[in-house]
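Hi,

Here is the structure I promised to pass on. Have a look at it first, and then read my notes underneath.

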Number of protein chains: 6
Amino acid sequence: MFYRKIDNDLKIGLSLPQYAEEMFALTDRNRRHLRAWLPWLDSIQKPEDTKSFIQLQLKRFADGEAMHLSIFFKNDLAGVLAYNKLDHLNGIGHLGYWLGEEYVGKGIMTKSVREVIDLGFTNWPLQKIEIHCAVDNLKSRAIPEKLGFQNEGTIRRTAKVYESYQDHSVYGLLREEYLDNHNLP
Amino acid sequence: MFYRKIDNDLKIGLSLPQYAEEMFALTDRNRRHLRAWLPWLDSIQKPEDTKSFIQLQLKRFADGEAMHLSIFFKNDLAGVLAYNKLDHLNGIGHLGYWLGEEYVGKGIMTKSVREVIDLGFTNWPLQKIEIHCAVDNLKSRAIPEKLGFQNEGTIRRTAKVYESYQDHSVYGLLREEYLDNHNLP
Amino acid sequence: MFYRKIDNDLKIGLSLPQYAEEMFALTDRNRRHLRAWLPWLDSIQKPEDTKSFIQLQLKRFADGEAMHLSIFFKNDLAGVLAYNKLDHLNGIGHLGYWLGEEYVGKGIMTKSVREVIDLGFTNWPLQKIEIHCAVDNLKSRAIPEKLGFQNEGTIRRTAKVYESYQDHSVYGLLREEYLDNHNLP
Amino acid sequence: MFYRKIDNDLKIGLSLPQYAEEMFALTDRNRRHLRAWLPWLDSIQKPEDTKSFIQLQLKRFADGEAMHLSIFFKNDLAGVLAYNKLDHLNGIGHLGYWLGEEYVGKGIMTKSVREVIDLGFTNWPLQKIEIHCAVDNLKSRAIPEKLGFQNEGTIRRTAKVYESYQDHSVYGLLREEYLDNHNLP
Amino acid sequence: MFYRKIDNDLKIGLSLPQYAEEMFALTDRNRRHLRAWLPWLDSIQKPEDTKSFIQLQLKRFADGEAMHLSIFFKNDLAGVLAYNKLDHLNGIGHLGYWLGEEYVGKGIMTKSVREVIDLGFTNWPLQKIEIHCAVDNLKSRAIPEKLGFQNEGTIRRTAKVYESYQDHSVYGLLREEYLDNHNLP
Amino acid sequence: MFYRKIDNDLKIGLSLPQYAEEMFALTDRNRRHLRAWLPWLDSIQKPEDTKSFIQLQLKRFADGEAMHLSIFFKNDLAGVLAYNKLDHLNGIGHLGYWLGEEYVGKGIMTKSVREVIDLGFTNWPLQKIEIHCAVDNLKSRAIPEKLGFQNEGTIRRTAKVYESYQDHSVYGLLREEYLDNHNLP
């Protein structure tokens with residue numbers, strides 16, 4: 001309903017309850033694709049589950065605790081991108097994202113993350129943005145690497161995804177690095 | 001941050017905590033202008049009061065109870081427009097609105113209300129939209145009259161505005177009237 | 001248990017949890033009679049539902065938000081009469097009422113409403129009392145008409161009653177009209 | 001507003017927020033008289049305190065937890081009488097009461113307590129009613145003694161009243177004793 | 001996990017969620033033994049019920065409202081002992097306790113209660129400790145009698161235990177009696 | 001009140017409200033010493049603040065979310081040691097600790113942490129324990145290094161301590177490493 005245009009094909013907007021049907025459908029047909037990295041899929045069984053999640057995130061946004069966005073490619077919901085946590089005590093925004101399989105490889109997420117980094121450093125007094133990716137999720141790790149984040153360590157077995165534990169690479173971008181890097185590809 | 005374009009100069013978007021400073025400033029410099037019709041001005045004394053109000057409305061939107069929008073004219077916040085109550089039990093949306101004095105007379109509100117009537121009948125299963133205006137507020141009453149609403153009665157002394165009581169004209173637009181009228185000026 | 005005598009046959013009292021069985025029985029045997037005008041009948045399926053409703057109304061009375069009364073005719077619970085909302089911001093009391101079919105036509109409700117108008121203007125600083133009746137509910141409309149209320153308008157499709165929408169006549173009695181009219185029939 | 005008549009001069013009713021002013025005034029002019037036995041006087045400093053207390057008790061009555069009554073003698077509020085706790089788990093009602101000094105010695109409390117014992121055994125499935133009195137409060141102890149209660153023990157230092165501790169006589173009346181005694185003086 | 005040693009075989013500690021399995025097992029195999037005096041057995045049907053109870057008591061301890069302890073004999077959970085209520089308004093601690101049948105007759109409870117009386121008078125400004133025992137529960141009554149409590153009365157039918165009502169002996173120990181008696185057997 | 005003995009001079013126990021005075025005094029006289037690494041000192045201004053903190057942690061322990069322990073050296077409260085977060089979703093316990101300056105250099109914390117690692121792996125199904133230390137806090141880092149933790153990375157500017165940001169070394173010990181290392185110094 002309300003958007004921020006990135007280019008002719010691409011726009012983002014706050015995730016709204018009105019998108020629940022479409023977001024659920026995207027999730028549902030990408031279960032196999034997403035299952036390697038996202039631990040919460042089994043809790044989303046019907047559109048109402050997605051709607052409850054969106055309502056919660058919208059309230060957290062109202063309180064300045066998070067910001068959950070939907071990505072639209074040629075007017076279709078293609079994925080999501082979120083500050084899952086805005087840690088104002090320490091001035092850190094924690095970014096996460098996923099795309100439907102059919103939208104991978106089009107540069108959608110790199111452009112979207114870059115826009116949302118701008119939004120983050122502009123709208124809140126953040127001093128750092130972090131992205132945590134599973135070590136083996138090379139496509140996900142490519143995003144912070146392209147955007148000038150620094151790899152700060154590999155935290156072992158930090159996330160349980162179904163029956164296995166994953167090691168995570170921690171990427172960080174400081175505010176001054178962001179200001180220096182402002183003209184990233 | 002996220003918008004819906006109406007024309008080159010005019011866009012609307014969900015009211016966000018980030019707009020609190022600008023919305024408070026608009027309210028504050030229009031106190032005299034708004035005082036004739038709006039009873040809540042004395043409860044808004046600082047930007048934080050506006051922010052709390054916006055946070056509440058955003059949470060009510062998340063729950064499907066209301067939708068509070070900001071109107072931007074040439075990128076400046078010019079006024080607000082809201083479904084103050086979405087009465088799903090009876091299928092009725094209650095619209096209210098105000099503009100800063102400097103933005104009156106440019107057709108801003110008529111265009112915005114028309115857009116928001118579309119949003120209302122599209123996003124929720126409403127059967128009617130109501131607008132209540134003070135009998136003496138001729139500029140406000142002109143909007144529903146231009147947009148095909150029917151004047152259904154004059155409810156006496158229904159709103160206390162500071163030390164006086166105001167009679168209100170109740171305007172209503174039924175879904176089928178909306179569908180017939182779709183090509184209003 | 002605790003009453004206010006109106007005449008030898010008629011008394012009213014705050015609705016108490018102790019009346020739940022009798023009030024449910026009255027509701028239950030009048031379902032057909034009441035169904036034309038009251039939208040909530042399907043939510044009352046057992047005495048416990050009536051009890052929960054009474055408990056809620058008693059708490060709202062404690063907070064000054066409403067006053068729900070039971071009407072006793074020859075010691076039997078004959079109907080109810082309530083300030084469903086006491087809008088202290090605007091000084092308005094909203095009255096509603098219903099009788100079991102066997103008690104209609106005895107003048108019970110006119111006498112009871114007159115008493116409760118007295119109670120309303122005496123106990124709270126109200127400036128107006130409103131009664132909203134379905135346009136087609138002529139027996140209900142006869143009460144405010146007999147008691148000097150003014151018909152202020154017909155609000156279209158304002159209440160969903162099962163599968164249809166009803167237009168409502170809005171009746172209002174201002175405090176000064178009440179003081180002038182004090183010796184109504 | 002709503003009463004239960006005991007005799008021509010005496011009636012009781014649920015304590016209502018509307019009585020707060022008069023109940024506070026009674027409390028306030030009897031502080032010295034009541035101070036010997038009631039520990040809560042210092043928490044009641046203005047009518048609003050009494051009103052909050054009444055609101056709480058009315059909500060507890062709605063939930064079946066207590067019943068707080070006002071006693072009216074020749075239309076003046078003379079004292080209070082309450083089931084301070086209705087212990088439904090064990091079927092026990094705990095009664096307490098006080099009168100303004102000017103109303104003592106007229107038989108008001110004995111008649112009122114007898115009525116309220118009836119109400120208690122009639123309205124709830126109680127198997128026992130208890131009254132706890134300070135050992136030295138002979139006027140208070142006279143009531144259960146006149147009404148057939150049994151003295152079951154003297155619990156030492158069970159209540160702190162300002163800077164001293166009081167021993168309490170525990171009086172009990174079983175349901176079958178009540179049924180036998182039904183024609184008490 | 002954390003203990004207070006009483007003698008080589010006996011120690012007590014705050015009841016912790018980690019003990020839920022063992023406490024439930026003790027309860028479960030002593031149902032017949034405990035049923036004569038404890039009214040709550042039917043609400044404990046699985047270890048999770050015991051765990052919820054322990055969690056609640058630990059939170060009440062955090063707030064200074066109660067203290068629930070587990071008794072360990074030769075490292076096995078043998079029973080429980082609790083200040084079920086710490087009434088700080090009146091300075092009274094209410095003690096209760098039970099042992100598994102296999103642990104009765106070894107002096108466990110007398111030693112434990114004596115220790116917990118010390119803890120009570122030391123940790124909070126109590127002026128009195130009370131123990132209420134069913135009149136017929138001679139083993140339970142033996143404890144306060146051995147420890148210098150005074151029998152203050154027999155309150156009739158004060159506890160419903162399944163389908164019957166029990167009379168309770170009320171035992172009390174004042175702080176100065178405790179200080180005098182400090183070298184009890 | 002309830003302890004776990006580590007050696008003749010050293011014991012640990014759940015932090016209890018009863019320790020608030022002593023824990024506040026320890027905190028208060030070590031403000032300068034602790035200020036380099038602990039961000040929360042300014043929020044602790046009186047014993048009541050420490051008590052509220054302990055009450056909160058005890059409730060979180062009751063819910064299995066954390067475990068806050070006090071360390072006693074020769075019966076004096078010497079420091080604290082806590083699972084600040086028990087992340088059961090991912091099976092990770094997050095350990096933190098501090099000592100009063102006068103207790104540093106006696107091996108107190110190494111022994112205590114080793115005991116608490118045992119408690120953690122024994123009481124909950126954890127697969128990993130993590131300790132995060134400021135890079136410059138060499139004394140703090142020495143503990144996980146002595147106890148076989150692996151340094152998994154240096155997360156930049158992850159904690160705001162008064163006006164500066166600190167980089168943190170993340171140390172991790174997996175359950176199987178713990179089982180292998182069981183005979184650490």
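Below is what I found in it, starting with how two of the chains meet.

Please keep in mind that this is a predicted model, in which local features need pLDDT of at least 70 and side-chain atom pairs count only at pLDDT 80 or more, while totals for chains, interfaces and linings use all residues. Residues are numbered from 1 along each chain as its sequence is written, chains are lettered from A and ligands numbered from 1 in the order in which they are written, and side-chain values use heavy atoms, with hydrogens and water left out.

Chains F and A

Chain F is superposed on chain A by a rotation of 180° with 0.0 Å of shift along the axis, at an RMSD of 0.0 Å (a least-squares fit on the C-alpha atoms of residues with pLDDT of at least 70 in both copies). This is the relation of a two-fold axis. In chain F, G153(F) has the C-alpha nearest that axis, at 2.0 Å. Both copies use the same surface, as 100% of the contact residues of chain F recur in chain A (contact means heavy atoms within 4.5 Å).

Between them, the two chains bury about 1,900 Å², with 38% of it on carbon and sulfur atoms (the accessible area, 1.4 Å probe, that two parts lose on being put together, summed over both). Of the area that chain F buries against chain A, 39% comes from E152(F), R156(F) and R157(F), more than from any other three residues.

There are six salt bridges across this interface (a side-chain nitrogen of Lys or Arg within 4 Å of a carboxyl oxygen of Asp or Glu). One to look at joins R156(A) and E152(F), at 2.6 Å from N to O. On the chain F side, β7(F) gives the most, with 10 residues (strands are DSSP runs of E, at least two residues, and helices runs of H or I, at least four, numbered from the N terminus).

Helix α5 of chain A

Which residues of this helix, 138–146, are buried? They are S140(A), R141(A), I143(A) and P144(A) (buried is under 20% relative accessible area and exposed over 50%, partly exposed in between, with a 1.4 Å probe and protein chains only). Seen down the axis of α5(A), they fall within an arc of 145°, so they line one face of the helix (the arc is that of the directions from the helix axis to the C-beta atoms). The face turned away carries the exposed L138(A) and K139(A).

Best wishes
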